[in-house]
Amino acid sequence: MSLWCLACGFYDLTQRRLPNLLTLGMHVPALAVLVIAGEGFLGASITSCLLAWAAALVLTLPAYAFNWLGAGDAKFLAAIGLLTGLKFLFVTYIIAALTTGLVILIWLSLQRYWPFVNLQLSSLNLRLPDIPLLRGKILPFGAILALSAIITLMLPHLWEAA
């Protein structure tokens, strides 16, 4: 799962999109694991995995409708849910949301204070490029989701069956 997350994250960072081969393509093995093993990749019940798939869509489709996320981000989170179950999905989503919020705060701070940095550097005849305004789908949320899923994998006490 880590390699798949890394591939999705790298692709989103470099190409600014998540292809169906990576996102929808993981739904088939996830469903195969559910049918053959009778549980998800990390031991979650079939019900938990199917509910996590639906919850991922509920969490991401409104943002997609407002053009804040791409469809690949929604399909990626749905595949994570189908593979892992509700608990893992929610922890991953919370980490991703907090990370995104932190990145946005840093970005907005840079937008505000960057002109002052350039003003100071102008005495040295230097100028740094301007920080672009935050509009639409500017952050690679798929990469943030991938990082969040890998972090959640490293916290096994959060997702192990009780």
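Which residue just after helix 3 takes a positive phi? Gly-38 does, at about 80°. We'll come back to helix 3 shortly, but first a word on what you're looking at. This is a predicted model, in which local features need pLDDT of at least 70, side-chain atom pairs count only at pLDDT 80 or more, and totals for chains, interfaces and linings use all residues. Residues are numbered from 1 along each chain as its sequence is written, and side-chain values use heavy atoms, with hydrogens and water left out.

Start with the overall picture. The chain has eight helices and zero strands, where helices (H or I, at least four residues) and strands (E, at least two) are DSSP runs numbered from the N terminus. Along the principal axes, the C-alpha atoms fill a box of roughly 65 × 30 × 25 Å. Of the 162 residues, 39% count as buried; buried here means under 20% relative accessible area, exposed means over 50%, and partly exposed is in between, with a 1.4 Å probe and protein chains only. The accessible surface comes to about 9400 Å², and 72% of that belongs to carbon and sulfur atoms; such areas come from the Shrake-Rupley method with a 1.4 Å probe, and for residues only the protein chains shown count as cover. As for contacts (heavy atoms within 4.5 Å), take those in the chain with a separation of 6 or more: residues 24 or more positions apart account for 72% of them.

Now back to helix 3, which spans residues 27–37. Its buried residues are His-27, Ala-30 and Leu-34. Looking down the helix axis, you'd find these buried residues within an arc of 70°, so they line one face of the helix; the arc is that of the directions from the helix axis to the C-beta atoms. The spacing fits a general rule: an α-helix has 3.6 residues a turn, so residues three or four places apart point the same way. What do the buried residues of helix 3 pack against? Their partners are helix 2 (20–23), helix 4 (46–65) and helix 5 (71–84). Flip to the other side of helix 3 and you get Val-28, Val-35, Ile-36 and Ala-37, which are exposed.

Ala-30 turns up again if you look from helix 5, where Leu-83 sits. Leu-83 is buried, with a relative accessible area of 5%. Not counting residues up to four places away in sequence, Leu-83 touches Met-1, Trp-4, Met-26, Ala-30, Gly-40, Phe-41, Leu-42 and Cys-49. The C-alpha atoms of Leu-83 and Val-33 are separated by 8.2 Å, though the two residues are 50 apart along the chain.

Trp-4, one of those contacts of Leu-83, brings us to the aromatics. The structure holds two aromatic pairs. Rings of Phe, Tyr and Trp (its six-membered ring) pair if their centres lie within 6.5 Å, and planes under 30 degrees apart count as stacked, over 60 as edge-to-face and the rest as tilted. Trp-4 and Phe-76 make an edge-to-face pair, 5.0 Å centre to centre with 70° between the planes. Trp-4 belongs to helix 1 (residues 2–15) and Phe-76 to helix 5, so the pair ties together parts that are 72 residues apart in sequence. Trp-4 counts as buried at 9% relative accessibility, and Phe-76 does too at 0%. The other pair is Phe-66 with Trp-68: the ring centres are 5.1 Å apart and the planes are at 20°, so this pair is stacked. Are Phe-66 and Trp-68 buried or exposed? Both are exposed.

Between those two residues comes Asn-67, in the loop between helix 4 and helix 5. Asn-67 has a positive phi of about 65° although it is not a glycine, and is partly exposed at 42%. Arg-16, in the loop between helix 1 and helix 2, also isn't a glycine and has a positive phi of about 65°. Arg-16 counts as partly exposed, at 41% relative accessibility.

Two more stops. Thr-92 is in helix 6 (residues 86–121) and counts as buried at 0% relative accessibility. Leaving aside neighbours within four places in sequence, Thr-92 is in contact with Leu-145, Ser-148, Ala-149 and Thr-152. Finally, Ile-46 in helix 4 is partly exposed, with a relative accessible area of 35%.
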